[in-house]
Amino acid sequence: MLGLCAVLGSQFKVRSNRESGLGRFDIELLPMVKGIPGFIFEFKHTKDINVDLDSLANSALKQIEDMKYDTELNDFGVEDIVKIGIAFRKKVRLLSVDKPIGEN
């Protein structure tokens, strides 16, 4: 995922595993242009077929909130922050987003 985000380098500072708030986020996209949203990604992986990916993705989203991973973006004055929890098992994945992109 980090490699995929690297192509966004002209519009975002791509940061990985940095301290923010009470812990370390997985990936953060800090906008270099005022007015575009910032993004925080948290990933959860399981090999257990009995684990519900929706619940796992929601727990990733909850971790972003509980650990206050948006602190760094807030400190830089980013007002619109999209928080994304991603759960995956092998090639199956599920995303949980705190708000649809483009929604104010």
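The questions and answers below concern a predicted model and cover its aromatic pairs, nonpolar cores, salt bridges and helix 2.

User: How many aromatic pairs are there, and what is the angle between the planes of Phe-41 and Phe-43?
Analyst: The count of aromatic pairs comes to three. One of them joins Phe-39 and Phe-41, stacked at 6.5 Å centre to centre with 20° between the planes. Phe-41 and Phe-43 also form a stacked pair, with centres 6.3 Å apart and planes at an angle of 5°.

User: Which residues form one aromatic cluster?
Analyst: Phe-41 stacks with Phe-39 and also with Phe-43. Phe-12 belongs to the cluster as well. The members are therefore Phe-12, Phe-39, Phe-41 and Phe-43.

User: Is Phe-41 buried or exposed?
Analyst: A residue counts as buried under 20% relative accessible area. Phe-41 has 10% relative accessibility, so Phe-41 is buried.

User: Which residues make up the largest nonpolar core?
Analyst: In soluble globular proteins, nonpolar side chains tend to be buried together. Here the largest such core has nine residues. Apart from this core lies another, of eight residues, among them Phe-41, Val-82, Ile-84 and Ile-86. The largest core consists of Phe-25, Leu-30, Ile-40, Leu-61, Ile-64, Tyr-69, Leu-73, Val-78 and Ile-81.

User: Which residues does Ile-64 touch, not counting residues up to four places away in sequence?
Analyst: Ile-64 is a member of the largest nonpolar core and one of the buried residues of helix 2. With sequence neighbours up to four places away left out, the residues touched by Ile-64 are Ile-40, Phe-41, Glu-42, Tyr-69, Lys-83 and Ile-84.

User: How many residues apart in sequence are the parts tied together by Glu-72 and Arg-15?
Analyst: The structure holds four salt bridges, and one of them joins the side chains of Glu-72 and Arg-15 at 2.7 Å, N to O. Glu-72 lies in helix 3 (residues 71-75) and Arg-15 in strand 1 (residues 12-16), so the bridge ties together parts separated in sequence by 57 residues.

User: Are Glu-72 and Arg-15 buried or exposed?
Analyst: The cut-off for a buried residue is under 20% relative accessible area. Glu-72 has 11%, and Arg-15 has 11% as well. Both therefore count as buried.

User: Which residue of helix 2 forms a salt bridge with Asp-66?
Analyst: Asp-66 is partly exposed, with a relative accessible area of 41%. Its partner is four residues apart from it in helix 2 (residues 53-66), about one helical turn. The closest N and O atoms are 2.5 Å apart, and the partner is Lys-62.

User: Which residues are linked in a network of salt bridges?
Analyst: The side chains of Lys-83 and Asp-70 meet at 3.3 Å, N to O. This pair links Lys-83 in strand 6 (residues 81-89) with Asp-70 in the loop between helix 2 and helix 3, 13 residues apart. Lys-83 is buried at 9% relative accessibility, as is Asp-70 at 16%. The network is made of Glu-65, Asp-70 and Lys-83.

User: What arc do the buried residues of helix 2 cover, and which strands do they pack against?
Analyst: The buried residues of helix 2 are Leu-53, Leu-56, Ala-57, Ala-60, Leu-61 and Ile-64. They cover an arc of only 145° around the axis, so they lie on the same side of helix 2. The strands they pack against are strand 5 (38-45), strand 6 and strand 7 (92-97).

User: How far apart are the end C-alpha atoms of helix 2?
Analyst: At 1.5 Å a residue, the 14 residues of helix 2 should span 20 Å. The separation of the end C-alpha atoms agrees with that span, at 19 Å.

Technical notes: Residues numbered from 1 in each chain as written. Predicted model: local features only at pLDDT ≥ 70, side-chain atom pairs only at ≥ 80, totals over all residues. Heavy atoms only, no water. Phe/Tyr/Trp six-rings, centres within 6.5 Å; stacked < 30°, edge-to-face > 60°. Buried < 20%, exposed > 50% of the residue type's maximum accessible area, 1.4 Å probe, protein only. Core = buried A, V, L, I, M, F, W, Y, C linked by side-chain atoms within 4.5 Å. Contact = heavy atoms within 4.5 Å. Helix = DSSP H or I, 4+ residues; strand = E, 2+ residues; numbered from the N terminus. Expected span 1.5 Å × (residues − 1). Arc of directions from axis to C-beta.
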